[in-house]
Amino acid sequence: MLNFFGEEIKKTVFISKEQLENMPEGEMRGKYIADTEIINIFPEELRGRGDFLGNVLPEGSAPAEGFCAVKKGASAEFFFDGEKLEVESYELYQSIFSRNKGILETPVMQSKRAVILGCGSVGSLVAMELARAGVGNFVLVDPDTMEYHNICRHQCGIEDVGDLKVNCLTRKLKNINPSVNIKTFGGEIQNIPKQILDEFCVPGDTVFVGCADNRTADVYSNRISIYYGAAFLSIGFWERAFAGEIFYHIPGENMPCYECALGNGSNPSARAEANHHIYSNQESTEGMKFEPGISVDINFITTIGIKLIIDILNKNNPDYRPRLLGHLTQYTLVSNTSDPEIGGEMVEIFSYPLQVTTSLRVGFGENCKGRCRYEVIEEK
Ligand SMILES: [Zn+2]
């Protein structure tokens, strides 16, 4: 291909230092981008997703036609139609996270762990953002399959339709950080095998994120997180995502758990009624009209939850100053509109659109008398 001045645009090989320093003979896989003449050799973990680009030939071989590499010691040189190509090599992990530098400590984030309970519109965004922040370990839980009607709110797309959401999301996360460690469970949250969590959870480094928009699942998840000494955060929505609510629990700080604070989900408590919780899942299972919300409204609320999660994960890191933790209470409401013409009378409690509450208080359950009974039980 020629540039503006009629000069040939040189082909360039992108390859990680790790790979270049130890090139095995055999196939190279990745993507050739015709518009830029860049040959991007994928990291080893993504090899299976790349196109066949060419072969690595034994040292001393004559270059083959088209693209190939010829071994030179442990490394190799690259050729196209016999002409030697420029190579740009990079430290994979450092390059990916270079723009987080000075804000999030990559080695610290790499040790962090997130259990994503529900991998729909909310869970997929949470997982993607945590992976971009450098979180290195995930458990993904969701029984559902990616369908066309999910696409306008989900991080995955047409290429993923028909596959389990946990598998679709795994591919997305590996595409951000190939070395991310992921366990998946394609079933209901309540059925997740204990062994998966036993092996995964490290107190202080782990957060459970309730993304199923389902109060019963959130109660269950918070009880499990307490068992593992892990933090919990849930993100739920009102009708059409005109507003949403974020709840977190950090173990060892004498905080009410989800059940204490917001009820157990079996029947809406008086407190829940007062807060006008309307959960899309409950609505659909009760045969009422399903109320969809649009992606940008869901994501605005979800992003505030994600910022809290990053604060919570860095809580014991002396070099990190929390952005929201300490400013937002355990229970936060976020509004996308305060106009009752749009959001109905429920949104009248908000003074302005995009309001984020900072001072709502939640209390302990009737049976708990100033101390969450689940946490007391687990401290024995
Ligand atoms: Zn409790």
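The protein chain of this predicted model is divided into domain 1, residues 12–90, and domain 2, residues 102–378. The C-alpha centres of domain 1 and domain 2 lie 42 Å apart.

The account turns next to some strands with low numbers. Strand β4 (residues 51–57) pairs with strand β5 (residues 67–72) in the parallel sense, over three bridges. Within this pairing, V56 has A69 of β5 as its bridge partner. β5 also pairs with strand β6 (residues 75–80), here in the antiparallel sense and over six bridges. In that pairing K72 stands opposite S75 of β6. β5 and β6 form a hairpin with two residues between them, and G73 in the turn has a positive phi of about 65 degrees.

Most residues other than glycine have a negative phi. E37, which is not a glycine, nevertheless has a positive phi of about 60 degrees. E37 is placed in the loop between β2 (26–33) and β3 (38–41). Because 17 other C-beta atoms lie within 10 Å, E37 is classed as partly exposed. N254 is also not a glycine, and its phi is positive at about 50 degrees. This residue is found in the loop between β14 and α8 (258–262). N254 has 12 C-beta neighbours inside 10 Å and therefore counts as exposed.

An open sheet of seven strands follows. Its order is β11-β10-β9-β12-β13-β14-β15, and its pairing is mixed. β11 (181–185) and β15 (331–335) stand at the edges with a single partner strand each, so one side of each has no neighbour in the sheet. On average, neighbouring strands of this sheet are turned by 15 degrees against each other, direction ignored. At one edge, strand β14 (residues 243–249) and β15 run antiparallel and are joined by five bridges. A243 has S335 as its bridge partner in β15.

Helices pack on this sheet. Helix α5 (residues 165–176) touches β10 (137–141) and β11, and its direction makes about 170 degrees with that of β11. Helix α11 (residues 295–313) also packs on the sheet, where it touches β12 (206–210), β13 (231–237), β14 and β15. The direction of α11 makes about 175 degrees with that of β13.

Helix α5 can be examined further. At 1.5 Å a residue, its 12 residues should span 16 Å, and the end C-alpha atoms are 17 Å apart, which agrees. The buried residues of α5 are K165, V166, C168, L169, T170 and L173. These buried residues pack against α4 (121–133), β10 and β11.

In soluble globular proteins, nonpolar side chains tend to be buried together. The largest nonpolar core here has 74 residues, and those with the most contacts inside it are I116, L117, V207, V209, L233 and I309. Helix α11 supplies the largest share of this core, eight residues. The surroundings of V207 give a closer view: leaving aside its neighbours within four places in sequence, V207 is in contact with A114, A230, A231, L233, I309, I312 and L313. Apart from this core lies another, of 15 residues, among them M23, F67, A69 and A76. A69 has already appeared above as the bridge partner of V56.

Technical notes. Residues are numbered from 1 along each chain as its sequence is written. This is a predicted model: local features need pLDDT of at least 70, side-chain atom pairs count only at pLDDT 80 or more; totals for chains, interfaces and linings use all residues. Two strands pair if DSSP finds at least two bridges between them. Helices (H or I, at least four residues) and strands (E, at least two) are DSSP runs, numbered from the N terminus. Axes are lines fitted to C-alpha atoms, for helices over the stretch in contact, and angles run from 0 to 180 degrees between N-to-C directions. Two residues are in contact if their C-beta atoms, placed from the backbone, lie within 7 Å. The expected span of a helix is 1.5 Å times one less than its number of residues. A residue is buried if 20 or more other C-beta atoms lie within 10 Å of its own, exposed if 12 or fewer, and partly exposed in between; C-beta atoms are placed from the backbone. Domain bounds come from an automatic or database domain assignment. A nonpolar core is a set of buried Ala, Val, Leu, Ile, Met, Phe, Trp, Tyr and Cys residues joined through C-beta atoms within 7 Å.
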